[in-house]
Amino acid sequence: MKKQMKKDGLELEVELSGLLDATCDTQTKMVKMSALNHLMSTHVLQHAQQIECLYDRAVEATKNVEMGNKEQTQAHTEEQQ
């Protein structure tokens with residue numbers, strides 16, 4: 001009976017040790033995933049800011065082209081008169 005209890009205790013200890021190792025491994029992976037998630041979020045934010053800046057520049061360029069087209073049309077109309 002004592003031998004069986006020792007065997008059961010040893011098996012339990014081995015099982016718990018394996019669970020502890022697996023838990024530590026999972027924790028390490030989660031910390032790495034968290035760091036990668038933070039890095040990705042930072043890059044997404046930077047890209048969003050760059051896209052917004054490009055959008056603003058495109059809107060400004062469109063306004064400039066429209067204004068240039070109007071001025072060119074006016075100049076052409078004035079030449080014909």
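Serine 17 sits in helix α1, and this is a predicted model. That helix is a good place to start, because the protein has one helix and zero strands, and its radius of gyration of 35 Å is well over the 12 Å that the globule rule gives for 81 residues, so the protein is more spread out than a compact globule. Here's a quick tour, grouped by topic.

**Serine 17 and its distance from leucine 45**
- Serine 17 has a relative accessible area of 38%, which falls between the 20% and 50% cut-offs, so it counts as partly exposed.
- Count along the chain from serine 17 to leucine 45 and you cover 28 residues.
- In space, the C-alpha atoms of serine 17 and leucine 45 are 42 Å apart.

**Overall shape**
- Helix α1 runs over residues 2-80.
- Laid along its principal axes, the C-alpha trace spans about 115 × 15 × 5 Å.

**Surface**
- How much of the protein is made up of buried residues? The share is 0% of the 81 residues.
- To be called buried, a residue would need under 20% relative accessible area.
- About 8,000 Å² of the protein is exposed, and carbon and sulfur atoms supply 60% of that area.

**A nonpolar patch**
- Leu12, Leu16 and Leu19 together make a nonpolar surface patch of about 280 Å².
- Take leucine 16 from that trio: it belongs to helix α1.
- With 48% relative accessibility, leucine 16 counts as partly exposed, since the exposed label needs over 50%.

**Charges and the salt bridge**
- The protein carries 9 positive and 13 negative charges, and the mean positions of these two groups are 21 Å apart.
- Side chains of opposite charge can pair when their charged atoms come close.
- How many salt bridges turn up in a search of the whole structure? There is one.
- Which side chains meet in a salt bridge? They belong to lysine 29 and aspartate 25, with 3.3 Å from N to O.
- That distance fits the bill because a salt bridge needs the nitrogen and the carboxyl oxygen within 4 Å.
- Both lysine 29 and aspartate 25 are part of helix α1, where they're four residues apart, or about one turn of the helix.
- Lysine 29 is partly exposed, at 47% relative accessibility.
- Its partner, aspartate 25, is partly exposed too, with a relative accessible area of 39%.

Methods. Residues numbered from 1 in each chain as written. Predicted model: local features only at pLDDT ≥ 70, side-chain atom pairs only at ≥ 80, totals over all residues. Heavy atoms only, no water. Patch = residues over 30% accessible without salt bridge, like charges linked within 9 Å, V, L, I, M, F, W, Y side chains within 5 Å. Areas by Shrake-Rupley, 256 points an atom, 1.4 Å probe, with all protein chains shown as cover. Helix = DSSP H or I, 4+ residues; strand = E, 2+ residues; numbered from the N terminus. Buried < 20%, exposed > 50% of the residue type's maximum accessible area, 1.4 Å probe, protein only. Rg over C-alpha atoms; globule rule 2.2 N^0.38 Å. Lys, Arg positive; Asp, Glu negative; His and termini not counted. Charge placed at Lys NZ, Arg CZ, Asp CG, Glu CD.
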